[in-house]
Amino acid sequence: MIADLGKAHAKEKHELRKLPHQARQKTVTDAVDSSAPNASQRKSLPHSMWDLLRRYKTDHVQSNLLAQTHYNSSPDARIWKLGPLTLDPQAWHQSRYALGHHLLQHAQSPYDEAAADRETTSEKQTLHKMEHPILPMEPPFHQDIEPQELKNEIKKLIFEKSPGDDGITNRMIQAGGPKFEEILHEVFGTLWQHEIQPKAWQMSLMQPIYKGGDKPRADPSSYRGIYLSSALAKLFEGILISRLTKLTETHNTLTENQLGTRPGRQIHDAMYCLLSLIQYSISQRGLATYAAFCDFSTAFPSIHQGKLLSQLCKENVVGRMWKHLRERFHVAKVRVLHPWIPKSSSVDILLGVPEGSRLSPTLFGIVLADLILELRVQFPTATTTHNGGVRWMEASMWTTCV
């Protein structure tokens with residue numbers, strides 16, 4: 001009798017688990033049926049399996065955003081100014097456009113305009129160098145993509161990641177099998193050789209997440225974004241970042257105290273070292289330890305794209321690698337996941353490197369390494385005593401990207 005009760009309980013539990021999936025399937029079918037030209041044709045229209053699968057994977061995205069949102073009252077679309085409430089969901093895109101604009105040649109530009117102009121000129125010279133590269137260059141920056149490289153990156157994929165605008169998931173890619181991997185390798189190889197990338201890869205979906213605190217919920221700037229990019233684009237980025245990391249580690253492109261962007265290192269290493277220094281100073285020397293913590297409120301968007309391209313060239317990141325890195329952030333588009341924003345709507349992001357990109361932490365680290373070296377030149381007397389010797393303050397500067 002106990003065994004029968006156990007079986008009945010297991011069956012009931014199984015049926016309960018099926019209910020959410022059945023509800024989602026019904027929603028998908030109803031949505032496809034409702035798109036028919038008229039009601040009499042709904043049941044006769046063949047359903048696209050890809051359309052059904054795509055809707056099934058994305059219809060779970062629920063919006064908890066307010067119906068009314070403050071719109072941008074500034075006459076200049078590049079500047080965000082909180083305006084009255086509106087039912088127009090495009091206010092979310094107005095906010096994203098203002099936050100993602102570089103503001104070059106603007107009164108509120110965050111850059112040194114003279115330095116920015118120099119970087120713009122330098123970028124043109126860099127483009128010329130890329131068209132006429134000086135050989136030899138690092139093999140990973142021009143060699144064809146090997147099938148094993150693709151296999152390795154597919155194995156690394158986390159299958160529960162949410163899909164981008166195309167609806168393709170990591171689980172689909174991993175389930176493709178040998179024939180699919182062969183076709184995908186041919187596609188990636190063609191993109192690599194011809195130094196191009198699909199325009200669809202420029203698009204990311206942004207799920208707004210409320211920052212909390214006392215920030216007004218109706219203000220789009222009170223939300224940070226979770227960015228969902230194409231799984232295929234991220235897979236391609238995985239190949240690029242694997243090759244790029246080999247160079248940065250071999251040639252010490254990043255400084256020794258940068259942790260968050262390097263393999264085998266993590267922020268916990270910095271925390272351990274800091275705590276050890278504090279404990280040693282208190283227990284052995286009876287002294288206080290003074291530390292300064294600097295937070296980049298907008299780390300990735302703060303990067304000047306021209307400066308990054310010039311810095312990559314300076315670090316001998318050239319050839320096809322340089323051009324593909326440029327393609328990944330030179331044009332970026334975002335669509336906010338809002339039930340009233342159509343799929344055809346998007347906004348251009350002109351500032352920095354894309355949020356959610358697998359390349360962005362390392363690219364940010366390369367720029368930050370240049371900043372550290374520049375500080376060392378400008379402030380050579382900023383030193384400290386370490387093991388009986390004098391060291392520049394970099395010995396205490398732990399930079400992380402998380």
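Author: Before we place anything, helices (H or I, at least four residues) and strands (E, at least two) are DSSP runs, numbered from the N terminus. This is a predicted model, in which local features need pLDDT of at least 70 and side-chain atom pairs count only at pLDDT 80 or more, while totals for chains, interfaces and linings use all residues. Residues are numbered from 1 along each chain as its sequence is written, and side-chain values use heavy atoms, with hydrogens and water left out.

Reader: Fine, so how many helices and strands does the protein have?

Author: The protein has twelve helices and eight strands.

Reader: And what share of the residues counts as buried?

Author: Of the 402 residues, 38% count as buried, where buried means under 20% relative accessible area, exposed means over 50%, and partly exposed lies in between (1.4 Å probe, protein chains only).

Reader: What about contacts between residues at least 6 apart in sequence, how many of those join residues at least 24 apart?

Author: That share is 67% of such contacts in the protein, with contact meaning heavy atoms within 4.5 Å.

Reader: Switching to backbone angles: which residue in the loop between H10 and helix H11 has a positive phi?

Author: That is Asn316, whose phi is near 65°, a positive value in a residue other than glycine. Asn316 sits in the loop between H10 and helix H11, the latter covering 319-330, and with a relative accessible area of 35% Asn316 is partly exposed.

Reader: I also noticed Leu103. What is its phi, and is it buried or exposed?

Author: Leu103 has a positive phi of about 60° although it is not a glycine, and because its relative accessibility is 11%, Leu103 counts as buried. Its place is the loop between helix H3 (91-99) and helix H4 (113-131).

Reader: Why would you point out a positive phi at all?

Author: Because most residues other than glycine have a negative phi.

Reader: OK, new topic, aromatics. How many pairs does a search of the whole structure find?

Author: Six aromatic pairs turn up in the whole structure. One of them joins Phe188 and Trp201, with 6.1 Å centre to centre and 90° between the planes, so it is edge-to-face, given that rings of Phe, Tyr and Trp (its six-membered ring) pair if their centres lie within 6.5 Å, and planes under 30 degrees apart count as stacked, over 60 as edge-to-face and the rest as tilted.

Reader: Where do those two rings sit along the chain?

Author: The pair links distant parts of the chain, 13 residues apart, since Phe188 is in helix H7 (residues 177-194) and Trp201 is in the loop between H7 and strand E3 (203-210). Phe188 is buried, with a relative accessible area of 1%, and Trp201 also counts as buried, at 8% relative accessibility.

Reader: And what about Phe300 and Phe364, what kind of pair do they make?

Author: Their ring centres are 5.8 Å apart and their planes stand at 65°, so this pair is edge-to-face. The pair links distant parts of the chain, with Phe300 in the loop between helix H9 (267-285) and helix H10 (305-314), and Phe364 in helix H12 (residues 360-378), 64 residues away. Both Phe300 and Phe364 are buried.

Reader: Which residues form an aromatic cluster?

Author: Trp92, Tyr210 and Tyr223 form one such cluster.

Reader: I'd like to look at Arg358 next. Where does it lie, and what does it touch?

Author: Arg358 lies in the loop between strand E6 (347-349) and H12, and at 31% relative accessibility it counts as partly exposed. Not counting residues up to four places away in sequence, Arg358 touches Glu153, Lys234, Leu235, Glu237, Gly238 and Ile241. For Leu235, which is 123 residues away along the chain, the C-alpha atoms are separated by 9.1 Å.

Reader: And Lys124, buried or exposed?

Author: Lys124 is exposed, with a relative accessible area of 59%, and it belongs to helix H4. Lys124 and Gly306 are 182 residues apart in sequence and 9.1 Å apart in space, C-alpha to C-alpha.

Reader: Last one: which residues is Pro84 in contact with?

Author: Leaving aside its neighbours within four places in sequence, Pro84 contacts Thr69, His70 and Tyr71. Pro84 is in strand E2 (residues 82-86) and is partly exposed, with a relative accessible area of 46%. Between Pro84 and Ser73, eleven residues apart in sequence, the C-alpha to C-alpha distance is 7.6 Å.
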